[in-house]
Amino acid sequence: MRSFLASILAPLAVLALSAPAAGQTATAPLPADATLLSVSAQAEASRAPDIATISAGVVTQAADGNGAMRQNAELMNKVLAALKAAGVAEKDVQTSGIHLQPQYRYAENQPPAITGYQASNTVNVKLRDVSKMGKVLDALVASGSNQINGPSFGIDEPEPLYDQARLDALKLAQARAETYAKALGLRVRRIVSIGEGGGAVPMPMPRMAMMKAEAFDSTPVAAGESSVSVSLDVVFELGR
């Protein structure tokens with residue numbers, strides 16, 4: 001892999017050493033018989049996710065706002081305690097919203113009448129051990145959480161995965177350039193430029209099998225795989 005990159009990028013290093021001073025336009029001289037070929041290539045890299053994010057909260061109702069908020073606080077404290085007992089660090093739990101809203105009764109030809117209040121408190125939770133997802137979900141419900149959304153899986157440090165996709169995309173671009181060159185009776189001399197497009201956010205790719213739960217004592221969760229993609233625009237110089 002390293003020798004492949006060295007052979008491809010060595011001409012670019014020569015161009016960099018001969019680059020003009022700031023304010024000047026960088027123009028690499030081309031032989032008279034040179035043919036420029038622009039190739040676009042995209043590659044993906046995948047692996048099992050190592051983090052998961054869920055949203056969990058408590059919704060309570062009472063005749064007055066103070067009662068709704070008080071009941072909500074009591075249950076939310078139990079939810080936070082359950083997360084701590086499950087091994088979730090405080091830095092991985094963040095409040096995402098606290099709301100208090102009146103509840104109305106609607107009747108024809110009458111103004112809306114307030115019948116009570118609804119309070120909600122929601123936190124975003126990051127799990128760094130994906131295998132514990134099922135048990136954490138069960139612990140949340142047992143502690144009083146009645147609002148759960150997710151999970152969303154991802155890669156905590158995706159850059160090595162992006163590097164793998166970059167190498168695969170570069171190899172693909174090189175192979176395509178060789179194909180064009182051969183068809184034209186030419187050879188690939190060097191890479192003139194490389195441009196990288198925006199990388200895709202890691203997305204879960206579900207598998208058929210679910211994470212194995214001991215004796216089905218927790219909620220089964222399918223972790224699947226997370227993927228990233230990289231697009232490259234590579235310009236090659238072809239010649240005889």
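Helices and strands here are DSSP runs, numbered from the N terminus: a helix (H or I) has at least four residues, a strand (E) at least two.

1. **Status and fold order.** This is a predicted model. The protein chain holds four helices and eight strands. Along the sequence they follow the pattern α-β-β-α-β-β-α-β-α-β-β-β.

2. **Chain totals.** The protein chain has 240 residues, and 33% of them count as buried. Its accessible surface is about 14500 Å². Carbon and sulfur atoms own 55% of that surface. Take the contacts with a separation of 6 or more: 81% of them join residues 24 or more positions apart.

3. **The open sheet.** Which strand order does the four-stranded open sheet have? The order is 3-4-2-5, with antiparallel pairing. Strand 3 and strand 5 are the edge strands, and each pairs on one side only. On average, neighbouring strands of this sheet are turned by 15° against each other, direction ignored. As background, strands of a sheet pair through backbone hydrogen bonds, either parallel or antiparallel.

4. **Strand 3 against strand 4.** Strand 3 covers residues 93–105. Twelve bridges pair strand 3 with strand 4 in the antiparallel sense. To check the register, start at Gln103, which stands opposite Gly116 in strand 4. Then look at Tyr104, whose opposite residue in strand 4 is Ile114.

5. **Strand 2 against strand 4.** Strand 2 spans residues 51–62, and strand 4 spans residues 113–127. How many bridges join strand 2 to strand 4? There are eleven, and the two strands run antiparallel. For the register here, use Val58, which faces Asn121 in strand 4.

6. **Helices on the sheet.** Helix 2 takes in residues 65–85. Helix 2 lies across strand 2, strand 3 and strand 4, and runs at about 150° to strand 2. Helix 3 also packs on the sheet. Helix 3 touches strand 2, strand 4 and strand 5. The direction of helix 3 makes about 10° with that of strand 2.

7. **A salt bridge across the sequence.** The structure holds nine salt bridges. One of them joins the side chains of Asp33 and Arg189, at 2.7 Å from N to O. Why does this pair tie together separate parts? Asp33 sits in the loop between helix 1 (2–17) and strand 1 (35–47), while Arg189 belongs to strand 6 (residues 187–196), so the pair links parts that are 156 residues apart in sequence. Are the partners buried or exposed? The band between under 20% (buried) and over 50% (exposed) is partly exposed. Asp33 falls in that band because its relative accessibility is 44%. Arg189 is partly exposed too, at 23%.

8. **Asp50 and Arg47.** The side chains of Asp50 and Arg47 also meet in a salt bridge, at 3.4 Å from N to O. Arg47 has 32% relative accessibility, so it counts as partly exposed. Asp50 is partly exposed as well, with a relative accessible area of 26%.

9. **Asp156 and Arg128.** Asp156 forms a salt bridge with Arg128, and their closest N and O atoms are 3.5 Å apart. Where do the two residues lie? Asp156 is in the loop between strand 5 (147–154) and helix 4 (159–183). Arg128 is in the loop between strand 4 and helix 3 (133–143). The pair links distant parts of the chain, 28 residues apart. At 34% relative accessibility, Asp156 is partly exposed. Arg128 is partly exposed at 41%.

10. **A charged network.** Some salt bridges share partners. Which residues do they join into one network? The members are Asp33, Arg189, Arg190 and Glu237. The Asp33 and Arg189 contact from point 7 thus has its place in this network.

11. **A nonpolar surface patch.** Met69, Ile98 and Leu100 form a nonpolar patch on the surface. Together they have about 260 Å² of accessible area. Leu100 is found in strand 3, an edge strand of the open sheet. The relative accessible area of Leu100 is 41%, so Leu100 counts as partly exposed.

Terms used
Residues numbered from 1 in each chain as written. Predicted model: local features only at pLDDT ≥ 70, side-chain atom pairs only at ≥ 80, totals over all residues. Heavy atoms only, no water. Pairing = 2+ DSSP bridges. Salt bridge = Lys/Arg side-chain N within 4 Å of Asp/Glu carboxyl O. Buried < 20%, exposed > 50% of the residue type's maximum accessible area, 1.4 Å probe, protein only. Patch = residues over 30% accessible without salt bridge, like charges linked within 9 Å, V, L, I, M, F, W, Y side chains within 5 Å. Areas by Shrake-Rupley, 256 points an atom, 1.4 Å probe, with all protein chains shown as cover. Contact = heavy atoms within 4.5 Å. Axes fitted to C-alpha atoms, helices over the stretch in contact; angles between N-to-C directions.
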